[in-house]
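User: Please take a close look at one part of this structure and follow how it connects to the rest of the chain. I would like a single continuous account rather than a list.

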Amino acid sequence: MSTFTSTSVQRAPADPTRHVNYVLGMVLGVDDFTQEFAYLSERDRWLARDLLGYGTAWGLAVSHGTGTRGPEVRVTPGAALTPRGQLVRVTPTQCAALNDWLIARGTEVDAYLRAGNRLTVYVVLRHRDCLTDPVPVPGEPCRTEDDTTAPSRVTDDFHLELALQPPPPPLEESAVRDFVRWLRRNMNVVSSTPTPTTLDQFITLLRGSVVPSSPVSPVDDYVLDDPPGGPLPVLETDVEAFLREASRLWVTELRPLWRTNWLGESQGCTQPVSPAPESPNDGVLLAAVDLPLVRELGTGPWKVDAAGTKTVDERQRPYLLHQRMLQEWLLAGLARDASAVHHPDNLPPYSLIAAGMIPIDDTSTDVGYNGLKATKVDVGLVTLSFDGFAHQPDQWRYVVKATLVEPQNGLVTQPSVTFVRADADGLLLKVRDKDALLPIATLRKLGLIVEVSQYAVPAKKKSSSGDAKPKARVGTEGTR
């Protein structure tokens with residue numbers, strides 16, 4: 001065995017934060033070109049992961065079927081961005097023989113089996129470089145035959161794998177979903193309320209909702225808790241300002257909490273380093289395939305049960321909508337509330353404001369959606385109210401649908417509920433059995449199913465001359 005070693009000097013890895021400063025007369029070498037490529041390629045990845053995100057861009061549909069080697073998983077052509085910002089393209093359609101894969105994993109599969117000998121297999125896509133096009137190169141003394149050539153090209157390639165565990169999702173992926181859900185769940189948009197949430201209160205509660213997870217895990221360092229007291233009443237006129245401020249808080253304070261160190265990003269004042277060529281975290285989950293397994297001959301290796309049910313679950317697959325799609329979605333108005341999509345644009349706003357199954361008891365603490373409850377009970381009369389209710393007949397009108405909960409013990413036989421009016425106390429309902437108003441004692445033993453909608457009062461139209469008086473009619477026989 002030789003004790004001699006190569007005399008070549010190991011080159012330091014390229015710094016992705018620097019590019020070559022070209023000057024007249026400068027002699028360029030391999031290190032200079034390598035450094036320039038490292039700078040440009042890292043900026044592309046930086047742009048993608050910070051401003052675009054990661055996930056499937058198009059294609060890469062996952063399915064299962066039977067091929068020449070038995071049950072298999074198939075992935076169609078497509079493209080994706082990895083968490084590091086690396087663009088990956090798959091072509092043509094790829095197939096993986098499941099039984100061959102199970103035999104190769106051996107007894108490792110046993111630890112992941114669930115009840116009924118079912119196994120979940122994860123389809124993961126990664127990027128890899130492929131060295132191609134070897135060319136002769138000058139060498140050093142004592143070199144081997146393998147050192148006489150070197151690859152002259154680096155080709156972008158992909159690596160598809162079946163895994164027993166999914167790749168750990170970047171912390172920011174869960175955080176983005178939680179942040180959007182928090183806003184939708186905790187902003188109760190109302191037209192009016194005696195105690196609206198102020199912008200300072202809203203931001204303080206949002207900032208205070210971010211707490212360390214318990215127990216702290218490497219996958220989810222922080223979580224967003226709902227504020228005490230339930231959803232925050234936010235005036236319609238304040239929604240834009242609240243969302244702008246929430247977005248600012250996300251960008252400046254919250255998003256940095258979930259940034260991951262393995263991306264090679266700067267922590268403090270240290271210089272960032274280039275990420276590893278093949279990071280174990282830099283994978284895109286395409287699907288989870290649930291398989292029924294059986295042992296060959298009872299004691300042999302695991303194989304897929306051809307007669308069992310197989311499912312492909314893509315609900316956890318991250319994906320990206322391209323800018324053209326988002327533009328068309330915005331212009332077409334698809335982001336509006338579904339209840340208003342099919343209404344003509346010239347109609348005033350209309351929305352469900354309160355609902356629920358509630359007891360006819362003004363002492364009960366049971367409430368429905370948006371705090372709907374009975375606030376007053378009299379002979380044959382029930383007054384309802386809800387959070388944010390305001391009697392403003394010149395601005396809002398209410399549509400009330402109500403019926404008694406199915407009577408028991410023969411309390412009533414032919415019940416009817418009529419909406420009387422809306423006044424300063426609330427929404428007044430009249431409750432009868434046949435033609436008789438129900439006594440208070442009977443009403444308190446019953447309940448109501450109620451739905452309250454609200455719409456804006458249309459503005460009154462004025463004549464073109466500005467005069468509210470009707471114009472005289474002009475006919476063929478003259479003015480009348």
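Analyst: Helix 2 and its surroundings

Met-26 has a relative accessible area of 32% and is therefore partly exposed. The model in which this is seen is a predicted one. Met-26 sits in the segment that precedes helix 1 (30-52), and together with Tyr-22, Val-23, Leu-28 and Phe-33 it makes a nonpolar patch of about 480 Å² on the surface. In soluble globular proteins, nonpolar side chains tend to be buried together. The patch is a starting point on the outside; the part examined below is helix 2, with the core to which it contributes.

For scale, the protein chain has 480 residues, of which 32% are buried. Its secondary structure consists of seven helices and 25 strands. The accessible surface is about 30600 Å², with 56% of it on carbon and sulfur atoms. Of the contacts between residues at least 6 apart in sequence, 63% join residues at least 24 apart.

Which residues of helix 2 are buried? Helix 2 covers residues 98-105, and Leu-98, Asn-99, Trp-101 and Leu-102 are its buried residues. Viewed down the helix axis, these residues stay within an arc of 160 degrees, so they line one face of helix 2. An α-helix has 3.6 residues a turn, so residues three or four places apart point the same way. The buried residues pack against strand 3 (70-75), strand 6 (94-97), strand 7 (118-136), strand 8 (149-163), strand 13 (283-295) and strand 14 (302-304).

The backbone on either side of helix 2 has some features to note. Ahead of it, in the loop between strand 5 and strand 6, is Pro-92; the peptide bond from Thr-91 to Pro-92 is cis, with omega of about -5 degrees. Just after helix 2, Gly-106 has a positive phi of about 60 degrees. Further on, in the loop between helix 2 and strand 7, is Asn-117, which is not a glycine but also has a positive phi, of about 55 degrees. Asn-117 counts as partly exposed because its relative accessibility is 34%. Most residues other than glycine have a negative phi, and most peptide bonds are trans.

The packing leads to the largest nonpolar core, which has 27 residues; the members that touch the most others are Val-62, Leu-119, Val-123, Leu-125, Leu-286 and Leu-293. Two or more residues of this core come from each of strand 3, strand 5 (87-90), helix 2, strand 7, strand 8, strand 13 and strand 14. Strand 13 gives the largest share, six residues. Another core lies apart from it, with 24 residues that include Ile-353, Val-377, Phe-386 and Leu-429.

Leu-286 shows how the largest core is connected. Leaving out residues up to four places away in sequence, Leu-286 touches Thr-56, Leu-60, Val-62, Val-75, Val-123, Leu-125, Leu-160, Glu-314 and Arg-317. One of these contacts, Leu-60, belongs to the loop between strand 1 (55-59) and strand 2 (62-67). Leu-60 is not a glycine, yet its phi is positive, at about 60 degrees. With a relative accessibility of 0%, Leu-60 is buried, because the cut-off for that class is under 20%.

Salt bridges also involve strand 7, strand 8 and strand 13. The side chains of Arg-118 and Asp-290 form one, with N and O 2.7 Å apart. Arg-118 is in strand 7 and Asp-290 in strand 13, so this pair links distant parts of the chain, 172 residues apart. Asp-290 counts as buried because its relative accessibility is 12%. A second salt bridge joins the side chains of Arg-126 and Glu-161, at 2.9 Å from N to O. Here the link runs from strand 7, which holds Arg-126, to strand 8, which holds Glu-161, across 35 residues. Arg-126, at 17% relative accessibility, is buried, whereas Glu-161, at 23%, is partly exposed.

Helix 4 and helix 5 offer another salt bridge: the closest N and O atoms of Arg-207 and Glu-253 are 2.9 Å apart. Arg-207 lies in helix 4 (residues 199-208) and Glu-253 in helix 5, so the pair ties together parts 46 residues apart in sequence. Both are partly exposed: Arg-207 has a relative accessible area of 35%, and Glu-253 one of 32%. Glu-42, Arg-45 and Arg-49 are joined into one network by salt bridges that share partners. The whole structure has 23 salt bridges.

Key:
Residues are numbered from 1 along each chain as its sequence is written. This is a predicted model: local features need pLDDT of at least 70, side-chain atom pairs count only at pLDDT 80 or more; totals for chains, interfaces and linings use all residues. Side-chain values use heavy atoms; hydrogens and water are left out. Patches are made of residues with over 30% relative accessible area and no salt bridge: like charges are joined within 9 Å, nonpolar side chains (Val, Leu, Ile, Met, Phe, Trp, Tyr) within 5 Å. Accessible areas come from the Shrake-Rupley method with a 1.4 Å probe; for residues, only the protein chains shown count as cover. A salt bridge is a side-chain nitrogen of Lys or Arg within 4 Å of a carboxyl oxygen of Asp or Glu. Helices (H or I, at least four residues) and strands (E, at least two) are DSSP runs, numbered from the N terminus. Buried means under 20% relative accessible area, exposed over 50%, partly exposed in between (1.4 Å probe, protein chains only). The arc is that of the directions from the helix axis to the C-beta atoms. Contact means heavy atoms within 4.5 Å. A nonpolar core is a set of buried Ala, Val, Leu, Ile, Met, Phe, Trp, Tyr and Cys residues joined through side-chain atoms within 4.5 Å.
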